[in-house]
Amino acid sequence: MAKKVVATLKTGDGRGYAKVIKMVKSPKTGAYTFKEQMVTTDEVKAFLKK
């Protein structure tokens, strides 16, 4: 089953996505949290600027 999933991600629209991880500081506690999201490669810079 894993081979089918990997094969489908390499063809078609699967190449146009990236997993982005952004570190965000909490204003309440001052601790850092990580926000993960799958975005298209065109929207990566816009996601990181938010």
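The following conversation between a colleague and a modeller walks through a predicted model of one protein chain.

Colleague: In what order do the helices and strands of the protein chain run from the N terminus on?

Modeller: The secondary structure of this predicted chain comes to two helices and two strands. Among these elements are the strands β1, covering 17-25, and β2, covering 32-40, and also the helix α2, covering 44-49. Read from the N terminus on, the order is α-β-β-α.

Colleague: How many bridges join β1 to β2, and how do the two strands run?

Modeller: The strands β1 and β2 form a hairpin with six residues between them, and in this hairpin Gly 30 takes a positive phi near 85°. Two pairs can be picked out along the strands: Met 23 of β1 has Phe 34 as its bridge partner in β2, while Lys 25 stands opposite Tyr 32 in β2. The two strands run antiparallel, and the number of bridges that join them is nine.

Colleague: Which residues make the nonpolar surface patch, and what is its area?

Modeller: Both strands take part in this patch, since β1 and β2 each supply at least two of its residues. Met 23, which has its place in strand β1, is one of the members, and its bridge partner Phe 34 is listed in the patch as well. The patch is made by Ile 21, Met 23, Tyr 32 and Phe 34, and its area is about 480 Å².

Colleague: Which residue forms a salt bridge with Glu 36?

Modeller: The structure holds one salt bridge, and in it the closest N and O atoms of Glu 36 and its partner are 3.3 Å apart. Glu 36 lies in strand β2 and the partner in strand β1, so the pair ties together parts that are 17 residues apart in sequence. Leaving aside neighbours within four places in sequence, Glu 36 is in contact with Lys 19, Val 20 and Ile 21. Of these contacts, the residue that forms the salt bridge with Glu 36 is Lys 19.

Colleague: Does Glu 36 count as buried, partly exposed or exposed, and what is its relative accessibility?

Modeller: A residue counts as exposed only if its relative accessible area is over 50%, and as buried if that area is under 20%. Lys 19 reaches 54% relative accessibility and therefore counts as exposed. Glu 36 falls between the two limits and so counts as partly exposed, with a relative accessibility of 48%.

Colleague: What distance separates the C-alpha atoms of Lys 50 and Lys 22?

Modeller: Lys 50 has its place in the segment after α2, and because its relative accessibility is 74%, this residue counts as exposed. Along the chain, Lys 50 and Lys 22 are 28 residues apart. In space, their C-alpha atoms are separated by 9.8 Å.

Colleague: What share of the residues of the protein chain counts as buried?

Modeller: The accessible surface of the protein chain comes to about 4700 Å², and 60% of that surface belongs to carbon and sulfur atoms. To count as buried, a residue must have under 20% relative accessible area. Of the 50 residues of the protein chain, the share that meets this limit is 8%.

Terms used: Residues numbered from 1 in each chain as written. Predicted model: local features only at pLDDT ≥ 70, side-chain atom pairs only at ≥ 80, totals over all residues. Heavy atoms only, no water. Helix = DSSP H or I, 4+ residues; strand = E, 2+ residues; numbered from the N terminus. Buried < 20%, exposed > 50% of the residue type's maximum accessible area, 1.4 Å probe, protein only. Areas by Shrake-Rupley, 256 points an atom, 1.4 Å probe, with all protein chains shown as cover. Patch = residues over 30% accessible without salt bridge, like charges linked within 9 Å, V, L, I, M, F, W, Y side chains within 5 Å. Salt bridge = Lys/Arg side-chain N within 4 Å of Asp/Glu carboxyl O. Pairing = 2+ DSSP bridges. Contact = heavy atoms within 4.5 Å.
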